[in-house]
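Work through the exercises below with the sequence and the structure at hand. Try each task before reading its solution.

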Amino acid sequence: MSTRHSSRAWIYGYIAVCVVMLALPLFVSDGYLLNKFARYIIFGILSLALCLSWGYAGILNLGQAVSFGLGSYCMAMALKLRTIPIQTGGGVPDFMSWNNVKTLPWFWEPFHSYAFAIFAGMAVPAILAFLLGWFVFRARVTGVYVAIITLAMLVVVNLLIIDAQSYTGGFNGITDLTTLKLFGIAFDAYSKATYYLAAFSLIAALLIGLAIIKSKTGLVMQAIRDDEMRVRYFGYDVAHYQNFAFCVSAAIAGFAGMLYTLVMEFASPTFLNVSISLSIVIWCAVGGRASLLGAALGAIVVTGVQGSLSDSPKFLDTWMLIMGALFIAVVLFLPKGLVSLIDIFEQRFRKQAAGGGGPLTPTALPAAAPAASELRQDEVG
Amino acid sequence: MPLLDLKGVRVEFSGFVALSDLDFAVEKGELRCLIGPNGAGKTTALDVICGKVQAVAGRVVYAGHDIGRLQEHQVSRLGIARKFQVPSVFRELSVRNNLDVAYSKRPGVFRNLGNWRRADVDDGLAKLAEFVGLKEQFNQSAGALSHGQTQWLEIAMLLAQDAELILMDEPTAGMTAQETHKTAELLNRLKGRHTIVVVEHDMGFIKEVADVISVMHQGRLLAEGTVAEIERHPEVKSAYLGSGGIHGA
């Protein structure tokens with residue numbers, strides 16, 4: 001498992017994805033297309049976030065869209081506040097004045113600051129995940145029950161946002177936003193700048209994810225996925241590890257949500273509905289849930305194919321059918337997802353290179369038991 | 001003062017009394033065998049020590065700490081390791097990574113976040129794998145190991161964990177005579193360095209390793225003594241009545 005990521009084919013895979021992603025704007029100048037690709041990349045980040053909790057720690061979070069949506073709303077609130085004097089002539093955002101809200105609610109106040117908004121876009125989902133995780137993982141809830149609880153959470157938050165129309169815009173969400181300007185760069189939805197922001201964010205998320213799964217914390221997460229009970233007897237507080245994975249995943253999903261607001265130019269309760277949440281699971285499974293790169297690619301490929309099929313008039317009636325067939329094919333023939341192709345190709349290649357028999361490894365006689373003190377010395381160092 | 005001291009421990013599973021008033025003490029550095037007919041409560045005794053089940057009455061004291069109410073990971077951090085009857089390793093992880101998980105001197109999430117795989121730890125783990133004959137399989141996934149190899153991997157994991165007190169539930173289950181002998185040798189080598197409590201059925205194995213045997217029957221301690229004393233003990237004989245005596249258990 002751990003050797004696979006260090007193998008050469010995987011390093012090439014990571015590099016290839018990054019290069020293709022960064023080079024794309026050199027060949028595509030159409031703003032509409034760039035916007036579409038940026039959206040796919042953002043879904044890639046979202047899928048990668050689920051991979052951290054589901055693929056590596058075994059927590060199937062069906063409420064991933066909560067984090068995504070909350071991040072999206074945080075960004076939208078900050079962008080909306082900047083439109084106040086132009087759209088309504090002072091006081092509150094337009095939709096609030098339509099709802100007879102005269103003064104800005106307290107929780108909108110800090111969003112005058114972009115820095116706070118960007119922080120909140122990750123912190124709010126992470127804190128919510130932490131609180132939920134604290135109860136769920138302390139109580140040793142596992143497996144399908146976690147999925148049900150997170151799904152229920154999603155429905156609750158979604159309803160709350162729709163219900164609090166005067167503060168959140170209700171069904172309409174938050175629309176008519178200004179363009180984000182940071183460090184003198186305007187992140188217009190159809191610009192290269194926004195595309196690059198999404199692309200670099202995916203690369204950063206990949207690096208952060210890799211840093212976690214390559215650390216011992218990541219190893220313990222995988223051990224928990226395998227046999228949660230056994231891990232406890234080695235002195236690890238399993239609930240801490242699960243909650244860590246859950247929160248990091250939520251923060252990354254929140255960040256993806258903020259980017260999504262930039263690309264879509266609005267925030268909507270549909271960003272945190274059940275169908276997005278389930279889609280994330282499908283992306284992850286199709287790409288390969290045991291690999292960060294796989295999960296990200298899964299999202300890009302699935303949403304990409306989906307987008308081009310549903311756009312073309314030829315497949316207007318049949319594209320859902322084709323997608324369904326694709327999922328079934330992947331589940332049947334590549335249960336570890338599309339990225340397992342990398343492993344299969346690498347094994348083929350190795351066999352050819354080795355030309356049949358590999359070199360014999362000399363078998364050494366068993367040495368004396370390494371004294372516990374030897375390991376202890378490592379510990380000090 | 002004994003390292004481990006159980007006093008009047010009582011464990012119930014929805015009305016069924018698994019342990020009733022169990023007194024059991026182990027000195028530091030001792031290798032103690034725990035035997036008894038089926039259903040005597042041997043495994044439950046280990047469970048109550050390592051925090052898997054909690055006693056409804058009585059005290060479990062380890063090195064001066066009352067551990068009766070602690071969770072599994074807290075017990076483990078005090079220096080108690082557990083091997084289960086069914087070998088449980090992380091099947092999707094490599095042998096190396098199994099050992100790395102077991103090597104858990106610093107169990108915190110954030111401390112381990114900065115802990116990338118270091119070559120010197122790798123060295124120690126490789127030696128351990130070699131010691132239990134899993135050198136070739138070091139980078140293979142543990143799911144591909146045979147039953148005997150899995151048992152050995154779990155024993156190596158206990159060594160990596162390097163606990164003061166090791167609780168083993170039938171370590172030789174499913175092993176060949178040769179493997180059993182090898183296990184006995186290993187335990188003899190660990191004697192003195194670690195305190196070990198072994199639940200076993202195999203009298204040949206017990207004779208090879210044990211100084212003192214504790215016999216359990218119906219949730220309480222029946223007798224304690226050397227192998228010879230236990231074999232002569234009249235109550236032990238009657239406890240095993242019908243199952244062919246102590247050797248047939």
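## Exercise 1: Surroundings of one alanine

Leaving out residues up to four places away in sequence, Ala102(B) is in contact with Phe234(A), Met157(B), Ala160(B) and Gln161(B). The model used here is a predicted one.

Task: State which element holds Ala102(B), and decide whether Ala102(B) is buried or exposed.

Solution.
- Step 1. Ala102(B) belongs to helix α3 of chain B, which covers residues 95–102.
- Step 2. A residue counts as buried under 20% relative accessible area. Ala102(B) has 0%, so it is buried.
- Step 3. Take one of its contacts, Met157(B). Along the sequence, Ala102(B) and Met157(B) are 55 residues apart, yet their C-alpha atoms are 5.3 Å apart in space.

## Exercise 2: Two residues with positive phi

Task: For Phe183(A) and Asp162(B), find the loop in which each lies and decide whether each is buried or exposed.

Solution.
- Step 1. Phe183(A) is not a glycine, but its phi is positive, near 55 degrees. Asp162(B), also not a glycine, has a positive phi of about 55 degrees.
- Step 2. The loop of Phe183(A) runs between β1 (180–182) and β2 (185–187) of chain A. Asp162(B) sits in the loop between α6 (147–161) and β7 (165–169) of chain B.
- Step 3. Exposed means over 50% relative accessible area, and buried means under 20%. Phe183(A), at 80%, is therefore exposed. Asp162(B), at 11%, is therefore buried.

## Exercise 3: A pair of helices

Task: Describe how α4(A) and α8(A) are oriented to each other, and sort the residues of their contact by type.

Solution.
- Step 1. The axes of α4 (residues 64–81) and α8 (residues 144–163) of chain A come within 9 Å and cross at roughly 25 degrees.
- Step 2. Angles under 35 degrees count as roughly parallel, so α4(A) and α8(A) are roughly parallel to each other.
- Step 3. On the α4(A) side the contact is made by Ala65(A), Val66(A), Leu70(A) and Tyr73(A); α8(A) supplies Met153(A), Leu154(A), Val157(A) and Ile161(A).
- Step 4. Of these residues, eight are nonpolar, none polar and none charged.

## Exercise 4: The largest nonpolar core

Task: Explain why the largest core lies between two domains of chain A.

Solution.
- Step 1. The largest nonpolar core has 168 residues, and Leu292(A) and Leu99(B) are among those with the most contacts inside it.
- Step 2. Helix α13 (residues 238–264) of chain A gives the most to this core, 17 residues.
- Step 3. Domain 1 (52–272) and domain 2 (278–341) of chain A both contribute residues, so the core lies between them.

Methods: Residues numbered from 1 in each chain as written. Chains lettered and ligands numbered in written order. Predicted model: local features only at pLDDT ≥ 70, side-chain atom pairs only at ≥ 80, totals over all residues. Heavy atoms only, no water. Axes fitted to C-alpha atoms, helices over the stretch in contact; angles between N-to-C directions. Helix = DSSP H or I, 4+ residues; strand = E, 2+ residues; numbered from the N terminus. Parallel < 35°, antiparallel > 145°, perpendicular 65-115°, else oblique. Contact = heavy atoms within 4.5 Å. Nonpolar A, V, L, I, M, F, W, Y, C, P; charged D, E, K, R; others polar. Core = buried A, V, L, I, M, F, W, Y, C linked by side-chain atoms within 4.5 Å. Buried < 20%, exposed > 50% of the residue type's maximum accessible area, 1.4 Å probe, protein only. Domains from an automatic or database assignment.
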